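Student: I am new to this structure and would like to know how its labels are justified. Could we go through some of them in turn?

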Amino acid sequence: MFLIAPAGYGKTTFAREIPREREHWATVDCSSISSELDLIRRTVGALIDEQPDRAARLSAYRLARDESLRSSMFEILDAWGETVRESVFIFDNVEDLEGNDRASALLLRLLSARPRGRQIVVCSRVNLRARISRFAPPNDVLTLRTDDLAFDRDEFEAMFADADPVRGDLQAAYGLARGWPIASLLLARFARDGRLEDLLVHLHDVAFDDLYDYLASEVLGSLNSPSRRALDAAVRIPNATADDIRLALGDDRSDVDLLLSDLPFVAKRAGGAYEVHPFMRAMIERDAALQSTQTEMFERVARGHEARGRLVRAAQMQALRKDTMESARLLEAAREAAGPKRSEGIAAFDPDFAQLLETLDMDAFIRYPHLWYIATHAAGSVRGSDATLREAEILLRAAIERDYPVTVRGMITLRMAIALNLVGRPTAALALVREFLSQAAGVDAKMNAELIHAQAYPLILLGRLDEAMRCLEQARALISPDDHITAWGLVNETAWIRMLRGERADERVLRRIATETARQLRIPTFLATALGQELTGAWLAGEDELVKTLAIELDAFVAEHSVRVFRHFAACANGRIHSSPSDSDGPSNTCWAYLFAAGHAGTDSDRIRFLEAADEAATAGGRAFGSVMTNVALALTDPARRARALARAREHARTIESEPLHVAVAAICAGARDAGMLNAFVRRFVPDDSRITGSPRSFSILTGTMRNGDTESALAGREYDLMLALTRGPRGVARDRLIATVWPDEDGERGRKTLNSTMRRLRARVGEDAIAYDEDVYRLAGDVAVDTWAIEATWKRLRSRARLEPSQRRQLLEIVERLRAYRESGPRAPEWFDSQARQLGELAEEIAAKLARDHLAADEPAEAAAVARSIIAFDDLDETAWEILIRAMLAQGDRAGAARELHRYRKRLRVELGVELSAALSSLVT
């Protein structure tokens, strides 16, 4: 049996368990053996331990001189080869024979000459160089290695049974120990002492000193010098590869895999980097002697990588040395080596490059401004617009002082303009770019195209859409076919113009192109922006399935790539409405995030709070369109501020060159049902337009009146019936169906004539264009509101609310009163409308029951009882109302009154229906 594993895997303990039931056994400890003769003497002693009756003839060999011992080798081997019965012979610490060729050869000779009846167990911390199959047939050899000796999860958890640690701590401990027995036992001891939680996050704690001493003496002490140095490099160098370790060792020919192959504490990941066990890493990292030499090691590795053209890896090593300027020099060299086509996107293609950019300071950026330019692409979302603006101002001053080339100054101007836009200063951004264009000469074609393009976004923010479109078209004609970054921006901003003009079909196509282009560019900020803007367009258009898909993707992407500027935006889009923006969020993202939150809000108070925050962000950022949206939503949500909010919406809309937007805002101000390009947006805040008030034209089924502007007319007879029939289908009613409904006894030509004459009279009363006719279908015009449609929409919106706000209670109470008034004294309805009339009555009681339950939940039993009695007054057999009444009286402490009401209801059931009270209701007062 061969037990091959590093220190701490219990090889010796396991080996000594094997002979527990055997008659004969012995151990040869190979530690500190310096020669073949030492091994002979220890083997002789073990042979005597195995069979004490050998002592008489073998004891002399233990004291023999070296020469006489060699001459007696035959006799010793003869004793070794004697057949024994059920014996176990253990060779322990065999790794100490490594490098001692004669002693190793003798061990192999002994193993090869194993006599019958003797089981041999070999314990070693390193692999034996000889083929194990030499010593016995494969079926007679058992080899247990590290994985076999490690504790599995069940064994590990069993050690903690009497400690009862937190489940998360237990899982963390298992991940840390990784089955290593000595570490597992130590962690179990900590758990029993109640110290496990602290120690899991403090691996350098003094409590680990015993373990570290063990590792130092038993693990590191057994390593040869090259292996030890390779292990040190694997710990000190982040994500160390074989090339890194060879450079650290100063030996290009070193076989790193071989040096580390016998260390199960070192694993090689799929990417080629070595991973060192946390305990080993912690021990080596606290070695002060090594810390003092690591700076030189980083320098050596950096020089080696630079000589081989691995510039980014060399820059990483210089960053570890805290030499920022040298790291920047290497990154600039890497940028230049990438070439003009890839230099802007290099940080996206190489995440290590992007990470290093974040370590640079302004001194480095002033010397290498191209790196700052790339940093605003790759990490602008982390740096934030305010920081980018401050840096741009510093760099522009440096550009003048140092006389930077015009292309570099243009590059800084571009980034500064973008930052100005993002902090809400589009006018300043536009002026900056135009001033540079008027003064700069000699910019290349690419820079010229980008500067022309840079005017488009502030123009869009300022509402000057025609001028923005001209800039985009001019820039598009100048860019190179392979300038994908500028092309992405052109498509993205064209999509914004389409959105502002209500051209959703074109916008949708452009948004998809922008997103797919951003995926190919692999620049995190670009893709997050594209996803966010595609999501915004879909949200405004009411395309909720697409919104959900994009919101989930954006959320995952933002988390994975730490695109901080979109964190709040993505959270609110996914319904996490109480997320807060960070300092990096620009006003545009903040505005839309709060609009999303308002759309998800469950209460009017939350919705108003989010809309106020959105309006504040839009105002601070100079976002006219955002201000239009927030004020429209505020007008629809809060009747008290309707007039002021709509006035502000009109004011901001006028600054945007979009006739469809002007028409939509005007329709909303007039209370029209058709809000044009903003229909879907209105429905997010007013489902089915149930809250639009002040519509210039509306028909009331409940009162039989038609309002047309300031004129209100009462409809009766067939005119009312015909109007009533038109409300049965919001999309319209076919002519023949109208005739069959209103005049069932008339058909054919006579029915059509009757319809035509009644329709003429009706149109004269309600307005010619109030009733449209198209392809044999009559329908109400889009701006004609119908009271029962609004009631049903309101109930649909509020019925599932766990708790109602006071304003919502008042709204529902008003609906109940209107429906009851209709049932008591409303206009005469034709027979064919009876079923719908009954449904309206049932709706009144359903809403009343909701109100009563809400009062109960709010600990307002008196109000609940009053509502319940009002239901009973209309229907004294309504069990729900009786149940609420009884519960309300019990809540008031009037148990006797509750019993009387229950008796009264039981009596009504017996008299009217001949049935008994339900057991559930009866049990309330038993």
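Tutor: Start with one pair of residues: Thr705 stands opposite Ala714 in β10. Keep in mind that this is a predicted model.

Student: What makes β9 and β10 a pair of strands?

Tutor: Two strands pair if DSSP finds at least two bridges between them. Strand β9, residues 705-708, is joined to β10 by 4 bridges, so the requirement of at least two is met. The two strands run antiparallel.

Student: Which sheet do they belong to, and in what order do its strands lie?

Tutor: The sheet is open and has 4 strands, in the order β10-β9-β8-β14, with mixed pairing.

Student: Why are β10 and β14 said to stand at the edges?

Tutor: β10 (711-714) and β14 (784-786) each have a single partner strand, so one side of each has no neighbour in the sheet. On average, neighbouring strands of this sheet are turned by 15 degrees against each other, direction ignored.

Student: What packs on the sheet?

Tutor: Helix α45, residues 787-798, packs on it and touches β8 (697-700) and β14. The direction of α45 makes about 60 degrees with that of β14. Touching here rests on heavy atoms within 4.5 Å.

Student: How do you know that β12 and β13 pair?

Tutor: The same kind of count applies: β12 and strand β13 (residues 777-780) share 4 bridges in the antiparallel sense, and at least two are needed. One of the bridges has Asp774 with Val777 of β13 as its partner. These strands lie in an open antiparallel sheet of 3 strands, ordered β11-β13-β12. Its edge strands are β11 (733-734) and β12 (771-774), each pairing on one side only.

Student: Why is Ser588 called buried?

Tutor: Ser588 has a relative accessible area of 13%, and buried means under 20%, so the label applies to Ser588. Ser588 lies in helix α36.

Student: How many cavities does the search find, and how much space lies in the second largest?

Tutor: There are 4 cavities of 30 Å³ or more in the whole structure. The second largest holds about 140 Å³ of space. It is lined by 13 residues, and the closest to its centre are Ile460, Leu461, Trp496, Arg623 and Phe625.

Student: Which helices supply at least two residues each to that lining, and what classes does the lining have?

Tutor: The helices are α29 (456-461), α31 (484-500), α36 (587-600) and α38 (624-637). By class, the lining of the second largest cavity has 9 nonpolar, 3 polar and 1 charged residues.

How values were computed. Residues are numbered from 1 along each chain as its sequence is written. This is a predicted model: local features need pLDDT of at least 70, side-chain atom pairs count only at pLDDT 80 or more; totals for chains, interfaces and linings use all residues. Side-chain values use heavy atoms; hydrogens and water are left out. On a 1 Å grid over the protein atoms alone, a cavity is a set of points where a 1.4 Å probe fits but cannot get out, and a pocket is an open set with protein on both sides within 12 Å along at least five of seven lines; lining residues have an atom within 4 Å of a point. Grid points are joined across faces, edges and corners, and a volume is the space filled by probe spheres set on the points. Ala, Val, Leu, Ile, Met, Phe, Trp, Tyr, Cys and Pro count as nonpolar, Asp, Glu, Lys and Arg as charged, and the others, Gly among them, as polar. Axes are lines fitted to C-alpha atoms, for helices over the stretch in contact, and angles run from 0 to 180 degrees between N-to-C directions. Buried means under 20% relative accessible area, exposed over 50%, partly exposed in between (1.4 Å probe, protein chains only).
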